[in-house]
Structures are given as structure tokens and as C-alpha cells.
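Subject: A structure to look at

Hello,

Here is the structure I promised to pass on to you. Have a look at it first, and then read on for what turned up in it.

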Amino acid sequence: MALLKVSNLNVHFDTREGVVKAVNGMDFEIGEGETLAIVGESGAGKSQLVLSFMGLLAENGSVSGEALYRDKDLLQMKPKELNRIRGRHIAMIFQDPMTSLNPFLTIEKQMTEVVRHHQGLRKDEARAHAVEMLRAVRIPDPEERIRQYPHEYSGGMRQRVMIAIGLLCEPELLIADEPSTALDVTVQAQIAELVNEIRKETRMSLILITHDLAAVAEVAERIIVMYAGEAVETGSVDDIFYRPQHPYTQGLLASVPRLDRSSDDELQAIPGNPPNLLELPSGCRFRDRCSEATGQCCERPPLWIAEGGRTSRCFLPMEGGAIVTEKHVAEEAE
Amino acid sequence: MTKPVLRVQDLAVTFTSFTGGLLQRRERQLRAVDGISFELHPGETLGVVGESGSGKSTLARAILGLITPDRGRVMWRGEELTGLGEEELRQKRKELQIVFQDPVASLDPRMTAGDIISEPLWTFYPNMARLQVEERTRGMMKVVGLLPNQINRYPHELSGGQCQRIGIARSLVLNPRLLVCDEPVSALDVSIQAQIINLLQDLQKKLGLALIFIAHDLSVVRHISDRVMVMYMGQAMEVSEKSSLYQRPLHPYTNALMKSVSIPDPRLAAAARQDRWLTGDMPSPYDRPKGCIFHNRCPYRVKRCEADVPALRRMENRDWVACHRAEELDLSI
């Protein structure tokens with residue numbers, strides 16, 4: 001059974017310039033112990049997708065669709081009910097470790113607050129648990145360091161503290177939004193390894209959100225590639241890296257500078273810029289930047305589906321795939 | 001060989017801060033850049049790589065005279081920049097320009113693309129005819145790949161990549177001979193990063209610019225650099241030709257950085273993970289290790305590394321390295 005099943009999720013923002021369609025018709029699920037990566041450029045909607053079912057959208061945002069967590073719809077929950085799930089069953093780590101910690105509170109205060117609230121632990125129990133968690137994320141000398149303030153930690157250590165806070169209540173699902181982009185490469189590698197180890201030990205499910213395909217190569221099992229608010233391709237990690245179908249995925253892979261390849265050739269950039277979400281082009285949203293685009297791309301491309309839940313939204317046929325008729329798309333057209 | 005346009009000798013920048021409150025005020029010295037020397041030839045690109053806190057941005061600012069160094073010299077086409085008065089230095093800046101990391105934050109949100117790009121012209125040539133300024137601005141926009149109708153757009157109406165193109169156009173509008181790019185792509189999406197790197201490479205070929213390209217990632221600088229300097233805690237660990245650095249780095253730290261780069265290939269990435277060895281964080285800049293600055297994280301250290309500071313010295317293949325054991329270690333990738 002899926003731990004989380006999201007169906008036809010849409011996120012819109014009302015702005016002065018009009019309605020921004022940040023997420024459109026997203027479907028995905030994640031099973032127990034599974035790692036799913038959501039990859040896309042800034043503005044692709046990957047963060048808003050997650051924030052929407054966590055009940056953390058900005059005030060001008062609205063969400064429709066379904067997000068079933070153990071068969072209960074997160075989108076229909078009352079704030080109190082959602083609060084019990086957030087932090088305890090689903091935890092989230094944000095991108096910037098510098099700004100997500102409160103600079104005025106010690107690490108101890110910020111960590112124990114969570115467990116005392118959710119698990120009703122006594123102060124000394126909460127502290128012992130927090131120290132244990134810091135040790136798990138390899139903070140040296142945790143009994144001492146827990147008394148310090150965030151500014152006394154390096155960037156990498158602060159991100160480890162964020163992970164420790166995320167793990168405090170032993171969540172079933174951890175959502176990490178660009179957990180390592182603000183960090184140095186050497187530290188990024190360490191954080192990726194740490195997350196991997198913890199996941200193996202705990203059988204926790206993990207959703208990783210990132211703009212960097214390379215960063216998820218070692219960790220993810222399944223990948224969703226998002227572009228301009230839509231999933232353009234989904235597949236296993238091997239599918240996406242070794243047999244990418246969608247021209248956008250192919251372009252994204254080709255534009256990463258790689259140390260294991262020759263540097264004599266020019267980098268393969270994807271030309272142009274992502275579309276403005278206020279004035280989305282008709283048909284395929286990637287067509288202006290796509291080297292394979294033809295006249296028919298002005299129409300909405302079909303969704304191909306193949307074995308193992310692999311999908312691609314493109315006019316190019318997918319090997320072993322069949323076109324699906326989408327219910328909600330048909331409704332929208334009417 | 002041509003004469004170098006830029007010669008940096010033993011450049012050092014120290015920041016002083018105070019701790020301990022009013023009564024127990026103590027002075028602390030942070031050596032951000034600690035004795036950097038290198039030369040740069042016309043049309044050449046030097047990549048500068050290091051983790052955050054390694055002093056790369058401070059180095060860039062010190063070269064351009066935006067920060068006063070407390071030691072060392074910066075020679076620009078035979079003339080010393082480090083003792084110049086404010087006005088003389090300002091005039092020199094026509095020739096030395098910088099592109100900043102965050103393309104959106106470094107542009108004035110109340111100015112249009114055209115205003116931003118033409119501002120240096122108004123500043124340096126107040127008598128230039130309006131038409132000529134506009135012509136030059138439009139020409140520059142074309143060179144960096146902006147559309148003519150974007151001249152009246154504000155930064156918030158444009159994407160990160162487009163804003164970075166404005167930043168580049170603005171630095172090139174005065175026809176500089178040296179362009180310092182301080183992490184010009186790290187705030188951009190991967191697909192746009194490649195665009196900007198290719199653009200800078202094209203411009204350099206066309207205009208014969210000398211380029212200093214700062215990044216925290218070795219894979220990004222490889223495409224654009226002729227030589228690469230690897231910095232750690234304000235010091236140069238290695239300055240090597242691109243071809244040798246990426247095949248056989250001379251310094252263990254270069255090797256570590258190379259192994260930390262993630263590879264977009266699941267199988268290779270799994271293999272690369274086994275190979276990583278650098279652990280821990282950079283030491284506190286207030287508590288610098290004695291001897292070799294890298295010794296406490298280095299698996300190749302010997303007794304000597306804990307006591308003697310290795311000088312940056314030239315190897316047989318003409319690359320430079322600051323490691324006592326450079327000859328005996330084989331750090332081939």
C-alpha cells in the first residue's frame with residue numbers, strides 16, 4: 001500500500017497579475033521505505049507541490065485534488081489534525097540551514113521543543129533523545145554542543161541539526177527540500193551519505209526535492225522530472241539516467257558539467273528560459289526550448305505510460321508505452 | 001610567451017573583529033587571504049576553486065581594489081594598483097570589471113535592464129551623446145543574448161539567467177581587459193548554468209579578455225579554465241594547467257575536491273562514493289592549524305606536515321603546489 005498517494009493535485013496562486021498555475025494535475029505515490037526524488041528548475045513547482053499537502057502554502061495559494069496519507073486526505077484535514085501528522089509522521093527539512101534555525105535559541109531548546117510537543121516527553125528525556133539524535137547525524141561531542149547557538153555551528157553542521165530535528169519523532173516520511181544546495185560539495189557528499197544511511201536503518205520513506213539531477217543519482221529509487229508545474233517524465237533512477245525519454249530530461253542530463261567526460265566540447269545548454277507561469281504556452285510547455293519540437297507540439301502532448309509506472313508527456317512515442325486517456329484532462333477540456 | 005597583464009604577489013587580507021563584550025573586548029584576526037601569488041596572461045582564464053570560507057571572493061575584491069590588502073602587490077599591466085588613490089583606481093576600473101554571484105540581488109530593482117547596462121557609460125563618460133549610449137547598450141545586449149524588447153524590463157520581470165546576462169553586459173560595456181566572475185552561475189539552474197558558461201567562453205574568445213572565474217565546484221570551472229588555482233583557508237594549495245590538474249592533481253586537497261563532485265550516473269556515483277575520503281569541516285579560521293594548513297584532514301600527512309608550512313613551489317611540469325610530499329604521492333584520478 002502506498003504511504004502517500006497524490007492524485008490530480010493543482011496549486012494556484014492569486015496575484016495582482018493574474019492566476020499563477022504553479023502545479024498542475026500531479027499524480028504520484030510513495031511506498032514505505034521508498035525514496036522518491038522530485039527534480040526540476042526553479043519555478044517548476046516542486047516545492048509548492050509539497051508545501052500544498054503539508055498545509056504550508058502562502059495565503060494567496062489554493063490547492064485542489066487529493067493527497068491520501070494512509071488513506072486519509074491531508075487536504076481535508078482540520079489544522080489541528082494536520083498538526084498531529086506534521087512533525088510526527090511527516091517531517092520536512094528546508095533548503096537553507098542558515099535561516100531555518102532560530103538564532104536566538106540554543107540547539108537544545110529548538111530540538112526538545114519538538115519532542116515535548118509531539119511525544120510529551122519530560123525535559124530530561126527530551127534532552128537525552130536530542131543528544132542521541134545529534135550523535136546519529138555525527139555531530140561531535142553532542143552533550144556539549146547541544147548547549148550552543150546556531151551561529152556556533154558551520155553550515156554543514158547546521159544542516160545536520162536540521163536533519164536531526166526532522167528525525168526526532170521518527171517520522172514515517174521525511175521530505176527534504178534541497179537539503180544540500182546551500183552547502184559545499186564536500187559537505188553535500190557527506191550529507192547525502194548520512195541521509196542514505198539513516199534511511200536504510202529506519203526504513204523511513206523519503207521525498208527529495210532538488211534542481212540537481214547529479215545529487216540524486218546515489219540516493220533516489222524513483223524520479224519525477226517536473227517542468228513548468230507538470231510532471232514531464234517519471235521512472236526508476238536507471239530509467240531516468242540511462243534511458244531518458246523526454247527531451248527535457250535528456251537536455252537536463254546533457255547540461256551538467258561532468259568530471260568523467262571530456263571538457264573539450266561545449267556544454268550542451270538548453271536554450272531559452274522556463275515559461276512564465278502567468279502566460280503558459282498552449283500545448284507542450286517545453287516546446288519553445290525543445291530541439292525536437294514540431295508543429296503538433298502546439299497541442300497538448302499525450303501521456304505515455306509503461307510498465308513500472310514509467311511515464312512521459314510528449315508526442316515522441318515511448319518505448320513499450322501506451323497512451324493513457326486522462327480523466328481530469330478530459331474534464332478540464334470541457 | 002606574452003607578458004602577463006596581471007601579476008599578484010603575496011597578497012594578504014586580514015579582517016579584524018571584536019568579541020567578548022564591552023569589558024573583556026578582545027581582538028580577533030581572520031586571515032581571509034594569506035599570501036596569494038599568480039600571473040594572468042591576456043586571453044587566459046584562471047579558475048579559482050575552494051569551499052566557502054576559503055577566501056576566493058575576498059581575493060577577487062582585493063585584486064580589484066574593492067578591499068585594501070594589508071600585504072602584497074597587485075600589478076596591472078606593469079602598474080601597481082595597490083597604492084593608487086581613489087580616483088586613479090576608479091579610472092583603472094574601466095579595464096577591470098566584476099560579475100557577481102547573485103544575479104538578482106546585485107542589480108538595482110528600480111532600474112531597467114537598459115539603465116543598468118548603460119550606467120557605467122554615464123559614470124565614466126558623462127558627455128557621451130544619448131544616442132551613442134543607447135547604441136552601445138543595445139549592441140551589448142545583443143552580444144550577451146538579450147532581446148531588444150527587454151531593454152525596458154526590470155530585473156524582477158526577468159529570469160535569473162537573463163539577469164546574469166544583464167550583469168555580464170554591464171561589466172563588458174566599458175570594454176574591460178580583465179573580467180572577474182565571482183561564482184557567476186552557482187545561483188542559476190543547471191540548464192541555464194551551461195548557457196552562461198558557454199556565453200562567457202564565447203565572449204572571451206571574441207574580446208580577448210583575461211578572465212578569473214571563481215567557483216566552489218571543480219566540474220564548473222573545468223570547461224572554461226586554462227589553469228586552475230585551488231584555495232584552502234586563504235592559501236593556494238595548487239595552481240596547475242587544466243590538463244594536468246584534472247588527471248593528476250598534485251595536492252591531496254585537490255584530489256578530495258574532485259572526489260566530492262557528484263556524478264549524474266547512478267552506477268558511477270555508487271563507485272565514486274567508496275572513493276571519497278575527505279571528512280569533517282574546515283577548521284575555524286581563528287584557530288588555524290600549524291604547519292600545513294590542511295594537515296589535520298589529510299590522510300597523507302607525516303610528522304613534517306604538522307610543523308613546517310609547505311611553500312608553493314614549482315614542479316617539473318611547471319605546475320605549482322604547496323605540499324611537502326608532492327613528488328612521491330600519486331594522486332591520479
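Strand β3(B) runs parallel to strand β9 (residues 227-232) of chain B, and four bridges join the two. Please keep in mind throughout that this is a predicted model. The pairing of β3(B) with strand β8 (residues 210-215) of chain B is also parallel, over five bridges. A good residue to click on here is V48(B): its bridge partner in β8(B) is I214(B), and its bridge partner in β9(B) is M229(B).

Is β3(B) mostly covered or mostly open? Strand β3 of chain B, residues 45-49, is mostly covered, with five of its five residues buried. T45(B), G47(B) and V49(B) point one way from the strand, L46(B) and V48(B) point the other way, and all of them are buried.

Chain B also has an open sheet of four strands, paired antiparallel in the order β2-β1-β4-β5. At its edges are β2 (26-40) and β5 (79-80) of chain B, each of which pairs on one side only. If you would like to check one of the pairings, try strand β4 (residues 71-76) of chain B, which is joined to β5(B) by two antiparallel bridges. There, M75(B) has E80(B) as its bridge partner in β5(B). As general background, the strands of a sheet pair through backbone hydrogen bonds, in either a parallel or an antiparallel way.

Next, a helix. In α10(B), the buried residues are P266(B), A269(B) and A272(B). Seen down the helix axis, the buried residues of α10(B) fall within an arc of 115°, so they line one face of the helix. The face turned away from that buried side carries A270(B), A271(B), Q274(B) and D275(B), which are exposed. What lies over the buried residues of α10(B)? The cover includes α9 (237-242) of chain A together with α9 of chain B.

That brings us to where the chains meet. In this interface, 38 residues of chain B are in contact with 39 residues of chain A. On the chain B side, the elements giving two or more residues are α5 (160-172), α6 (190-207), α7 (218-222), α9 (252-260) and α10 (266-275). Which of them gives the most? That is α6(B), with six residues. By type, the residues on the side of chain B that touches chain A divide into 17 nonpolar, 13 polar and eight charged.

The largest nonpolar core has 186 residues, and those with the most contacts inside it are I207(A), V216(A), V225(A), A169(B) and I212(B). To explore this core, you could start from I207(A): leaving aside neighbours within four places in sequence, I207(A) is in contact with I30(A), L36(A), I38(A), V50(A), L173(A) and I175(A).

Finally, some overall figures for chain A. Chain A contains 11 helices and 13 strands, and 47% of its 334 residues count as buried. The C-alpha atoms of chain A fill a box of roughly 65 × 55 × 40 Å along the principal axes. For 334 residues, a compact globule would have a radius of gyration near 20 Å, and the 21 Å of chain A agrees with this. Among contacts in chain A between residues at least 6 apart in sequence, 62% join residues at least 24 apart.

Enjoy exploring, and do write back with any questions.

Best wishes

Technical notes:
Residues numbered from 1 in each chain as written. Chains lettered and ligands numbered in written order. Predicted model: local features only at pLDDT ≥ 70, side-chain atom pairs only at ≥ 80, totals over all residues. Rg over C-alpha atoms; globule rule 2.2 N^0.38 Å. Buried ≥ 20, exposed ≤ 12 C-beta atoms within 10 Å, placed from the backbone. Contact = placed C-beta atoms within 7 Å. Nonpolar A, V, L, I, M, F, W, Y, C, P; charged D, E, K, R; others polar. Core = buried A, V, L, I, M, F, W, Y, C linked by C-beta atoms within 7 Å. Arc of directions from axis to C-beta. Pairing = 2+ DSSP bridges.
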